[in-house]
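Here is a friendly walk through a protein model, meant to be read with the structure open beside you. Take a moment to turn it around on your screen before reading on.

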Amino acid sequence: MTTQTPQETTKDVPKEIFLRDYKPPSHSFAKVELAFDLREQGTTVRSIISAVPASGSTGELFLHGDESVKLDGVTVNGSAHERYERGSKGLTLKDLPNEPFELSITTTIEPQENTALEGLYKSSGNFCTQCEAEGFRRITFYQDRPDCMSTFTTRIEADKAKYPVLLSNGNLIDSGELEGGRHFTVWEDPWVKPCYLFALVAGNLGMIEDKFKTMSGKDVTLRIFTEKHNIDKCAHAMTSLIKSMKWDEETFGLEYDLDLFNIVAVDDFNMGAMENKSLNIFNSRLVLATPQSATDADYAAIEGVVAHEYFHNYTGNRVTCRDWFQLSLKEGLTVYRDQEFSADMNSRGVKRIGDVSRLRTAQFAQDAGPMAHPIRPESYIKMDNFYTVTVYEKGAEVVRMYETLLGKDGFRKGMDLYFQRHDGQAVTTEDFFAAMSDANGADLSTFKPWYSQAGTPRVTANGSYDADAKTFTLSLTQVVPKTPGQDTKIPVMCPVAVGLVGPDGKDMELTLDGKSVGTTTVLRFDKAEATYTFTGVEAKPVPSILRNFSAPVRLTTNLTQDDLVFLMANDSDAFNRWEAGQTLLRTLLLDLIKGDGQYKMDAAITTAMRAIIAGAKEPNADKAFIARAMMVPSAGELSDMLDEGTVDPAKIHEARTFVMKTLATELRADLEATMKANSAEKYSNEPADRAARSLKNTCIGYLSYLDDAAIAAMTYERFASADNMTDKIAALNSLSDKECDERIKAFAEFYEEWNKDPLVMNKWLGLQAMSNLPNNIANVKALMEGPAFDIKNPNKVYSLIGGFCASSVNFHAADGSGYEFLADVVIKLDDLNGQVASRMVSAFTRWKKYEPSRSSAMRAQLERIRAKKGLSENVFEIVSKSLE
Ligand code: 0A1
Ligand code: ZN
């Protein structure tokens, strides 16, 4: 990559780090003892490290350390050691002994000034840490790399009245009172870990407690800590934790390995949550929930993320990454595990549809833009920028493909061998691949490019039936597109799950290569082209291709509109039943967007949608699925499918609005009846009630497209009388694009009711920011100055600024005002929190996708940001790669 030097920006030219330069550490650390003296002004950290030189050691040891860390002193074997050099990235110690020695380092840090929220910082007056990926170097000098694994003992000392709770990893082994109203605790973590899994919390927190008996009969104490006024909102997170612990035992035979498991919820957190050993720290939005304050979607997210962090205890902590290029080793695998957990706890088909939708909108777009990277990247400037949908979600798809190829049992064998070989080690994706292949005696060599190649493969599938020969032939082709830095690609093994649906709507028994292969077979498609012929096919079938989305590819088929309508009604695969409808809608919408502005509805689609809605009256209707199937492809998904240099968000918005409004007009009676039939008297959190709620609210969403005062009045009425947040937010959302008094009233009343609850206020900010009402930017600017916003809190930035970037009309306003506003915010944020600023600037990365006037306006803002003095490495990397 030829990254441009920032003009007088950072003090050092940002350095790119390459996978190919990996070298093992010069020393291993057998044991680490940390002591924190927490103070309001300046915290002292003493670390005592038992260091062991690797063979061939030169007597030099490099320790990472941020410029913000003040070095108070270094001793080696008890004597002051002054032979070191301090650079902007750390400390090089020289002339060290050639045998094991004790290294002691004392530093002073200023957590109270830390707005980056990495390392040790304060949130709502409490101390907490975030060390992944490279935050530990903001605490002390250390080999801050995941292959340096050690056991940690941590002593914490603080004022007792202010910080009665003092937590770290592992088991509490000592505690006591000190002079001057201070107290201390000592924690010992018996498991080796890299420093990115270190955690500390000190605060005035409330706690709920429960117990879990593991499969071998050990009792584990489970605790969730939060600010005291939120203590009644932790029950769902606790239930989710218990379910996760049980699921991991039943599914993978993995049992928790300590006597205590803690979760702490904090308000100021850059990401979702963090899997620190036995002390998970969570963004409070992923812990706190009551039916009145959190939506069904929040409940589902909490269940999934609590599980995700818990599952990391094995996939991430017990077996960790050798270096950060291997991040998908733990993240792809853990996302796959949490997806499977949620699928088992809820509706499997609906979960898969949601996961694939997200992959297609966010990851496919990333894979087609300037930030495209393989799930195992080759290089980075700032690791924080690589916690991406590619590493996480595409990574999870890659893990899922092993399961599809090897079967559930084969996958489990691979997992067992992986833990048997690598427990307590820091390893690579190659090691995972080897465990999967070896445990199954499988040759998966053509699967490997999934790790090294970026870009979404394009697969075409053409089927043809030969009535005389009674054969059905499926011809597949694949092309992996070019991505930045990767001009040539090779074919990669795509598991393509196929079924043939007979005229009676039933799956046919398949015969391939003379063998009977059941009703769904997985083709191992690893060439540029291949042809598969099914024999004994008695009648012309409709093929169902890529069932359950068996590979993360862009699929094009020669299915006709009639075929798709048939699959919508008959496919036994829930995913493909949904996908058939989406393909019809996508085709219509893309035609309208590319057309001459004369919008015309396709009657077949209205009929198909009517049939979907009618399905809700069936006795065992899957209402969550129906609600999902009623959803029209998002603006983001459509924009991703259009050619570079052509996207006009106003047109996409118009076309979507036309389709929604036409369907609402033609199906009004069906929508109203379904809405009424699914309106419950009283809130309940049973799966059937959640499904009915989502169906009802989808109907309200459609109806809101009608220009009818009665609908606005009805929606407001539902808003005012809702007994739960799901219904309240759905009604508010349905009003948020409408120029009417009800909208103004509802937002004002919502503020009155909830302004003391910051998590609920984030929803209020987000919905207003996303609104497509003309000139809403003025409202967003006003909200930014208002009491509900705080630029230092990441959740508020994600809601208000992130929400604004999702508005087709206002972020993409033709006069460029939305782009200018975002750039202003990024420039301001960059000084406070580079990680959050770089997430926000990502809304500009796909600027080349847009039509000329918008793309040049976005480009101008990127250039303006690049010219900022002292730009963070985070933002510099995204901006410079975007401008290449
Ligand atoms: N490992 C955590 C998420 C996480 C990642 C990066 C962070 O800072 C750059 C913070 C948290 C997870 O996957 O849940
Ligand atoms: Zn994770």
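The report below starts with the whole chain and then visits some of its helices, sheets and residues.

## The chain as a whole

Please keep in mind that this is a predicted model. The protein chain holds 25 helices and 33 strands. Its radius of gyration is 28 Å, close to the 29 Å that the globule rule gives for 884 residues, so the chain is as compact as a globular protein of that length. Along the principal axes, the C-alpha trace spans about 90 × 70 × 60 Å.

How much of the chain is buried? Of the 884 residues, 51% count as buried. Contacts across the sequence are worth a look too: among those with a separation of 6 or more, 71% come from residues 24 or more positions apart.

## Two crossing helices

A good place to zoom in is the meeting of helix α3 (residues 327-345) with helix α5 (residues 389-422). Their axes are 7 Å apart and the packing angle is about 70°. That makes α3 roughly perpendicular to α5, because angles from 65 to 115 degrees count as such.

Which residues of the two helices meet? On the α3 side they are L327, S328, E331, G332, L333, V335, Y336 and Q339. Facing them from α5 are V391, Y392, E393, G395, A396, V398, V399 and R400. Sorted by class, the contact of α3 with α5 has nine nonpolar, four polar and three charged residues.

## A helix under cover

Helix α17 (residues 725-735) is mostly covered, with eleven of its eleven residues buried. The buried set includes nonpolar side chains such as M725, I729 and L732, and also D727 and K728, which count as charged.

What covers these residues? The cover includes four helices that follow one another in number, α15 (687-703), α16 (709-721), α18 (741-754) and α19 (758-770), if α17 itself is set aside. Helix α2 (296-311) is also part of the cover.

## A four-stranded sheet

Strands β10, β11, β16 and β13 form an open sheet in that order, with antiparallel pairing. At its edges stand β10 (119-123) and β13 (165-168), each with a single partner strand, so one side of each is left without a neighbour in the sheet. On average, neighbouring strands here are turned by 20° against each other, direction ignored.

Inside this sheet, strand β11 (residues 126-130) and strand β16 (residues 200-203) pair in the antiparallel sense over two bridges. To find the pairing on your screen, look for F127, which stands opposite A202 in β16.

## Strands around β15

Strand β15 (residues 182-193) runs antiparallel to strand β12 (residues 150-159), and nine bridges join them. Here the bridge partner of F152 is D189 in β15.

Strand β14 (residues 171-178) is also antiparallel to β15, joined to it by seven bridges. L172 stands opposite W187 in β15. The hairpin of β14 and β15 has three residues between the strands, and G180 takes a positive phi near 70° there.

## A three-stranded sheet and its helix

Another open sheet has three strands in the order β30-β27-β32, again with antiparallel pairing. Its edge strands, β30 (521-525) and β32 (542-545), each pair on one side only. Neighbouring strands of this sheet are turned by 35° against each other on average, direction ignored.

Five bridges link strand β27 (residues 494-501) to β30 in the antiparallel sense. A497 stands opposite V522 in β30. Helix α8 (residues 561-570) lies across β27 and β32, and runs at about 70° to β32.

## A closer look at T320

Is T320 buried or exposed? T320 has 24 C-beta neighbours inside 10 Å and therefore counts as buried, the cut-off being 20 or more. T320 sits in strand β22 (residues 320-321).

Which residues does T320 contact, once its neighbours within four places in sequence are left aside? They are P146, P194, K330 and A426. T320 and M149 lie 171 residues apart in sequence, yet their C-alpha atoms are 9.3 Å apart in space.

How values were computed:
Residues numbered from 1 in each chain as written. Chains lettered and ligands numbered in written order. Predicted model: local features only at pLDDT ≥ 70, side-chain atom pairs only at ≥ 80, totals over all residues. Axes fitted to C-alpha atoms, helices over the stretch in contact; angles between N-to-C directions. Parallel < 35°, antiparallel > 145°, perpendicular 65-115°, else oblique. Contact = placed C-beta atoms within 7 Å. Pairing = 2+ DSSP bridges. Rg over C-alpha atoms; globule rule 2.2 N^0.38 Å. Buried ≥ 20, exposed ≤ 12 C-beta atoms within 10 Å, placed from the backbone.
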